[in-house]
Amino acid sequence: MRGLFSAPLGFCSSPGHGHTYATRSKRPKECLVPGCTANTGPVPQDERFGPTLDLQDESLHLLRDSLGAVDAHYEAILDDLQTHFTGTRAKILASSATLTGYERQADVLYRRKARVFPHPEPRVGRGFWIGETEREMRRYLAAAPRGVTIEYALDRTVVALQTAIRDVLADPVGMAAEINVDPSLVPFLIDLYGTNVVYGNTIRDLDAVARSAETQWGDIPAPDPQVTSMTGRTSQMDVAGTLERLEKPEEDFADRLHVVTASSMMSHRLTLTG
């Protein structure tokens with residue numbers, strides 16, 4: 001535990017045994033190597049340093065739940081222990097998906113003033129993550145359904161995308177001419193757009209998508225879409241299997257995954273390329 005907030009207590013004189021942290025009844029010489037009776041000397045450096053950087057993932061969201069009230073006590077304890085033993089505090093790098101209210105969140109959780117990096121974009125269309133270039137690299141499209149539910153719009157979107165891919169498979173040369181691309185790029189387009197990710201805020205939303213796959217996607221031509229789910233309920237074995245199939249898709253398009261329903265678990269734990 002000492003290593004979480006302070007420098008080691010000493011250094012074992014036996015070659016290769018390394019640092020020591022605390023005295024124990026079965027280890028009177030403090031060394032962590034079982035049976036070691038060598039003497040412990042001082043840490044071989046003039047100044048003893050505690051951790052200088054504390055990396056915390058999604059910690060700022062804790063303020064919105066009772067867990068944040070509990071976590072704030074532990075943050076204060078760790079700060080006090082490190083200040084007592086080393087005279088310094090670690091800098092905290094806390095990642096978050098939203099910047100709303102970050103000043104108050106940092107004050108309540110850590111009793112510190114916070115700075116944001118990267119800084120919000122100075123104007124629309126230009127910031128740390130995006131900028132104008134002569135060559136278009138990525139395009140984002142958004143749809144605002146009017147007069148229908150979001151679920152209906154989502155179903156129609158999946159049906160349209162999966163139908164378009166199957167049209168390309170049925171007539172690659174004709175469809176390449178219609179969309180004005182080189183026919184040799186058709187396999188690349190199928191790999192790129194043949195799998196759609198449906199991102200949901202709640203498990204209930206994703207369960208609704210799974211039900212729609214059975215009842216609302218009948219307009220999609222053969223082959224029938226293969227659907228899988230990636231949420232907090234998904235086992236590690238299934239996650240590994242899904243990733244393997246996405247990174248190395250089957251040769252036959254009919255055997256591939258076509259739709260992946262995913263919760264925030266995907267953005268928190270996975271990086272997908274392709």
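**Salt bridges, helix packing and a few odd backbone spots**

The count of salt bridges in this predicted model comes to eight, taking a Lys or Arg side-chain nitrogen within 4 Å of an Asp or Glu carboxyl oxygen as the rule. One of these pairs is Asp79 with Arg112, whose side chains meet at 2.8 Å, N to O. The two residues come from distant parts of the chain: Asp79 sits in helix 2 (residues 66-86), Arg112 sits in the loop between helix 3 and helix 4, and 33 residues separate them. Both Asp79 and Arg112 are buried, that is, each has under 20% relative accessible area.

A second bridge to look at pairs Asp219 with Arg156, at 3.3 Å from N to O. Because Asp219 lies in the loop between helix 7 and strand 7 while Arg156 belongs to helix 4, this pair ties together parts that are 63 residues apart in sequence. Asp219 is exposed, with 56% relative accessible area, whereas Arg156 is partly exposed, at 29%. Next comes the bridge between the side chains of Asp207 and Arg233, at 3.0 Å, N to O. Here too the pair links distant parts of the chain, with Asp207 in helix 7 and Arg233 in the loop between strand 7 and helix 8 (236-247), 26 residues apart. Asp207 is partly exposed, with a relative accessible area of 28%, and Arg233 counts as exposed at 58%. Back at Asp79 and Arg112, salt bridges with shared partners also bring in Arg89, so that Asp79, Arg89 and Arg112 form one network.

Now for the helices. The axes of helix 4 (residues 150-170) and helix 6 come within 11 Å of each other and cross at roughly 160°. That angle makes helix 4 roughly antiparallel to helix 6, since anything over 145 degrees falls in that class. The crossing of helix 4 past helix 6 is left-handed. Helix 4 is also the home of Arg156, the partner of Asp219.

Helix 6 (186-193) follows a loop that starts after helix 5 (172-178), and Leu185 is placed in that loop. Leu185 is partly exposed, with a relative accessible area of 39%. Together with Phe188, Leu192 and Tyr193, Leu185 makes a nonpolar surface patch of about 390 Å². The loop between helix 5 and helix 6 also holds Asn180, a residue that has a positive phi of about 60° although it is not a glycine. Asn180 is exposed, at 71% relative accessible area.

Arg111 is another non-glycine residue with a positive phi, in this case about 55°. Its place is in the loop between helix 3 (102-110) and helix 4, the loop that also contains Arg112 of the bridge to Asp79. Arg111 is exposed, with a relative accessible area of 63%, whereas Arg112 is buried.

Two prolines round off the backbone details. A cis peptide bond joins Ala222 and Pro223, with omega at about 5°. Pro223 is found in the loop between helix 7 (203-215) and strand 7 (227-230), and Asp219 lies in that loop as well. Pro28, for its part, is found in the loop between strand 2 (19-20) and strand 3 (40-41). Pro28 is exposed, with a relative accessible area of 57%. Pro28 and Asn39 are eleven residues apart in sequence, and their C-alpha atoms are 9.6 Å apart in space.

How values were computed:
Residues are numbered from 1 along each chain as its sequence is written. This is a predicted model: local features need pLDDT of at least 70, side-chain atom pairs count only at pLDDT 80 or more; totals for chains, interfaces and linings use all residues. Side-chain values use heavy atoms; hydrogens and water are left out. Patches are made of residues with over 30% relative accessible area and no salt bridge: like charges are joined within 9 Å, nonpolar side chains (Val, Leu, Ile, Met, Phe, Trp, Tyr) within 5 Å. Accessible areas come from the Shrake-Rupley method with a 1.4 Å probe; for residues, only the protein chains shown count as cover. Helices (H or I, at least four residues) and strands (E, at least two) are DSSP runs, numbered from the N terminus. Buried means under 20% relative accessible area, exposed over 50%, partly exposed in between (1.4 Å probe, protein chains only). Axes are lines fitted to C-alpha atoms, for helices over the stretch in contact, and angles run from 0 to 180 degrees between N-to-C directions. Angles under 35 degrees count as roughly parallel, over 145 as roughly antiparallel, 65 to 115 as roughly perpendicular and the rest as oblique. A crossing is left-handed if the near helix is turned anticlockwise from the far one by less than a right angle, and right-handed if clockwise.
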